[in-house]
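Here are a few worked exercises to help you find your way around a new structure. Take a look, then work through them one step at a time.

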Amino acid sequence: MQTQRELTKNSVGALPGIVFTGCEALAAAPAQTQSRAAAPAKARAKAAPRRREVKVGGRRVKTIDVHAHCVIPEAMQLLGLKMSDQRGPGIDQVGPRRIAEMDEQGIDMEALSINPQWYRAERDLVTQVIKIQNERLAGFCATYPERFVAFASVALQYPDLAVQQLVDGVKRLGLRGAAVGASVAGKEFSDPMFHPFWAKAEELGTLIFIHPQSTPDLAPRLKGNGWLANTIGNPLDTTIALSHLIFEGTLDRFPGLKICSAHGGGYLPSYAPRSDNCLRVAPDQDTGVKLKKKPTEYLRQMYYDTLVFTSEALRHLAAEVGSNRLVIGTDHPIPWQSKSVDHILKAPGFSDKERRAMLGETAAKLLGIKP
C-alpha cells in the first residue's frame with residue numbers, strides 16, 4: 001500500500017497534475033464566460049485574500065464544499081478531449097490560487113470531483129483513464145490535506161470494474177466516495193445492472209455524489225439563448241435520476257446508500273408531493289414495484305447541496321428534505337454561487353445548530369473529515 005508521500009510524488013511531481021475547471025464544455029458556455037476563461041491569468045490575478053474564518057453563535061465552523069470541479073489533462077487527452085474545450089473560469093489555476101479563492105469565500109475544505117465524460121469509452125481505455133484520475137486526485141489531496149479531499153471516478157458502464165475502482169479509491173487511495181453522472185450511456189441508475197455498485201457503496205458506507213450531464217435526449221430542444229442545456233438540463237437530469245431510484249425500489253433495496261445530489265436535488269424537492277399522488281391518479285401506470293413508504297419520504301434519506309439561489313429556495317428545500325440533509329455546494333470555480341457561506345448564514349429561520357450542520361458538520365460526517 002502506497003504512503004501519502006509516495007502518492008504525492010508519483011501523482012503530482014512525476015506526471016501532469018490537475019486543472020480546475022467547470023462542468024460543461026467551453027463551446028456550450030455563454031460568450032462572456034468563454035472570454036473570461038481565455039483571458040490571461042495575470043490580468044485576472046488578485047492579491048491573496050486573508051482567510052475568512054466562519055463562526056456561528058461564537059463558535060468556529062469548518063466549512064466544507066462538496067461540489068467543486070477539476071479535470072486531469074492527461075486523462076482528457078486519452079479520451080480525445082481538449083483542454084481548450086473545457087469551460088472556465090479558472091482553467092489555469094493551480095493549488096495556491098484555488099486556495100486563495102476558497103479563503104476569500106470562507107471555504108475551509110473542498111471535495112473535488114471530475115464529471116464523467118467516459119461512460120461510452122472501451123474497457124481498456126477507461127481503466128487507464130480512471131487509474132490516472134484517481135491517483136492524481138489522491139496525490140493532490142495529499143499535498144494539501146487540510147484543504148482538499150476528493151471523490152473517486154468510476155467506469156459505471158462496466159459495473160464490475162466500477163466496484164473495483166470504488167474499493168481501490170476508498171481503501172488504497174483514501175478518496176471519500178465516488179462522483180457519478182445522473183445516467184450511464186442511456187441507462188438509468190435503477191437498472192439492475194448497477195445493483196452490485198450500489199451494494200458495494202452501501203457496504204463501504206461511502207458517499208456517492210451525483211452530478212448531472214444535462215439531459216441528452218432533449219439536446220435539440222435545449223439549444224438557443226439561455227444556456228438551457230445547463231440551466232434546465234442539469235436539474236432535470238438529476239430529477240429523473242432520483243425519481244427512478246425512488247420508484248423502481250432501488251432505495252428500498254439499498255436503504256443504507258448515501259447519495260448526495262448537486263444543485264439542490266434538481267427540481268424534485270420543489271414539486272415532490274406530486275410524486276405521492278401519481279399512482280393514485282393513474283393506477284394503470286403502476287408496474288408492480290411496491291414501495292415501503294411514500295415517495296416523498298425517500299427524500300429525507302438522501303443528501304443535497306445548497307446550490308439554490310434565494311433564501312426562500314433554501315428554506316423550502318430544508319422543509320422538504322430536512323436541514324440535516326444539506327451541505328454546501330459552490331460549483332467552484334464556476335461562479336454560480338460564490339456567496340454560499342453567506343447564503344446559509346443570512347437565510348432567515350434557521351437555528352445556529354442547523355447553520356453549523358449545513359456549513360460543514362454534516363459533510364464532515366459523510367466524508368470522514370474531522371470537524
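**Exercise 1. Find the partner of strand β8 across from Phe209.**

Start with residues 207-210, which make up strand β8, and residues 258-261, which make up β9. Strands here are DSSP E runs of at least two residues, helices are H or I runs of at least four, and both are numbered from the N terminus. These two strands pair in the parallel sense over 4 bridges; to count as paired, two strands need at least two bridges found by DSSP. Now look across from Phe209: there you'll find Cys260 in β9.

A word on the ground rules: the model is predicted, so local features need pLDDT of at least 70 and side-chain atom pairs count only at pLDDT 80 or more, while totals for chains, interfaces and linings use all residues. Residues are numbered from 1 along each chain as its sequence is written, and side-chain values use heavy atoms, with hydrogens and water left out.

**Exercise 2. Place that pair in its sheet.**

Zoom out, and β8 and β9 turn out to belong to an open sheet of 6 strands, ordered β6-β7-β8-β9-β10-β11 with parallel pairing. At the edges sit β6 (152-153) and β11 (326-327), each pairing on one side only.

**Exercise 3. Trace the other open sheet and what packs on it.**

Step one: the order is β3-β4-β5, again with parallel pairing. Step two: β3 (64-69) and β5 (148-150) are the edge strands. Step three: β4 (residues 109-113) pairs with β5 over 3 bridges, and Ala111 stands opposite Val149 in β5. Step four: α6 packs on this sheet, touching β4 and β5, and its direction makes about 160 degrees with that of β5. Angles run from 0 to 180 degrees between N-to-C directions, using lines fitted to C-alpha atoms, for helices over the stretch in contact. Finally, helix α16 (residues 352-367) lies across β3, β4 and β5, at about 70 degrees to β3.

**Exercise 4. Work out what surrounds Phe197.**

Begin with helix α8 (residues 195-204): its buried residues are His195, Phe197, Trp198, Lys200 and Ala201. Buried means under 20% relative accessible area, exposed over 50%, and partly exposed in between, with a 1.4 Å probe and protein chains only. Their cover includes α7 (159-172), β7 (177-180), β8 and α11 (250-253). Setting aside neighbours within four places in sequence, Phe197 has contacts (heavy atoms within 4.5 Å) with Val154, Leu156, Ala162, Val163, Leu166, Ala178 and Ile208.

Next, the wider setting. The largest nonpolar core has 76 residues, and Leu112, Leu156 and Phe197 touch the most other members. Such a core is a set of buried Ala, Val, Leu, Ile, Met, Phe, Trp, Tyr and Cys residues joined through side-chain atoms within 4.5 Å. A second, separate core of 18 residues includes Phe151, Phe209, Ala262 and Ile369.

**Exercise 5. Hunt for unusual backbone geometry.**

Just after α8, Gly205 has a positive phi of about 70 degrees. Trp227 isn't a glycine, yet its phi is positive too, near 50 degrees; you'll find Trp227 in the loop between β8 and α9 (228-231). Then try the loop between β11 and α15, home of Asp331, whose phi is about 65 degrees. Is Asp331 buried or exposed? Asp331 is buried, at 0% relative accessible area. Also in that loop is Pro333, and the peptide bond from His332 to Pro333 is cis, with omega near 10 degrees.
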